[in-house]
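Trainee: I would like a close look at a single part of this model: the contacts that tie the chain together through its side chains.

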Amino acid sequence: MEQNNSNKFLLMVVGVIALIVVVAGSTFAWYTWTSTATTDDTTINFTASGLTDCITYNYTAPSTTTLTPVSAKTSGTVATISVSSACPQTTVYVTFQMTPTTLDAGLKHSSVKYELMQGATSLATGSFTGLTQGTATTLGTAQAITTGAAAKTYTLYLWIDGSVTNPSSLYSQNYAMSIVANATDQPS
């Protein structure tokens, strides 16, 4: 009789462990999504406009197009843009705009976030809640670039905030972003 109780206890422990593994695995799979945009290797396209003859842009595309809930934005999608000037003007001004070219409705949630930074300074932050497909969002104010100075590097982060409860609507949603840097000789 004692061996029978021991077998029941062992089966119950195995059952509980299997249930935990199934729940944890399905939760992870539930919140993992990937853009299916196939026109580029990345989900973020970069374009320069304005004083393109004397401004140099170095764009580094994100290394991942898959987002999962993360505890830090640096674990999400990260793109960098370095900007330097050889213009005759002493100072030029660069503004950045982000336009969702594809944005499925399920991603318009406060836990899907973006932030543009220059070094440790946040220039613009927000969530996908306020974004509209095809409509540009200006990211911060015009950034002064001094001719002949070292390039300034800007970093764009896209991520799902893992510190909050995320809805099932995030699953299998698509996005594509267009980033435009516009340089002028006047602050806006």
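How many salt bridges does the count come to?

Mentor: The model is predicted, so local features need pLDDT of at least 70 and side-chain atom pairs count only at pLDDT 80 or more, while totals for chains, interfaces and linings use all residues. Residues are numbered from 1 along each chain as its sequence is written, and side-chain values use heavy atoms, with hydrogens and water left out.

The count comes to two salt bridges, a salt bridge being a side-chain nitrogen of Lys or Arg within 4 Å of a carboxyl oxygen of Asp or Glu. One of them joins the side chains of K73 and E115, at 2.7 Å from N to O. K73 sits in the loop between β5 (69-70) and β6 (77-85), and E115 in strand β8 (residues 112-118), so this pair ties together parts that are 42 residues apart in sequence. Strands here are DSSP runs (E, at least two residues), numbered from the N terminus. As for accessibility, buried means under 20% relative accessible area, exposed over 50%, and partly exposed in between, with a 1.4 Å probe and protein chains only. K73 counts as partly exposed because its relative accessibility is 22%, whereas E115, at 10%, counts as buried.

Strand β8 also holds K113, which pairs with D161 in strand β12 (residues 152-161), 48 residues away. The closest N and O atoms of the D161–K113 salt bridge are 3.0 Å apart. D161 is buried, at 11% relative accessibility, and K113 is partly exposed, at 24%.

The covalent link is next. The count comes to one disulfide, defined as a pair of cysteine sulfur atoms within 2.5 Å. C54 is joined to C87, with an S to S distance of 1.8 Å. C54 lies in the loop between β2 (44-50) and β3 (55-60), and C87 in the loop between β6 and β7 (91-103), so the disulfide ties together parts 33 residues apart in sequence. The torsion about the S-S bond is about 80 degrees, and the disulfide is therefore right-handed. Both cysteines, C54 and C87, are buried.

Strand β7, which bounds the loop of C87, runs antiparallel to β11, and four bridges join these two strands. Strands count as paired if DSSP finds at least two bridges between them. V92 stands opposite I145 in β11. In strand β11 (residues 143-146), Q143 and I145 point to one face and are buried, while A144 and T146 point to the other face and are not. Such alternation between the two faces of the sheet is what side chains do in a regular strand.
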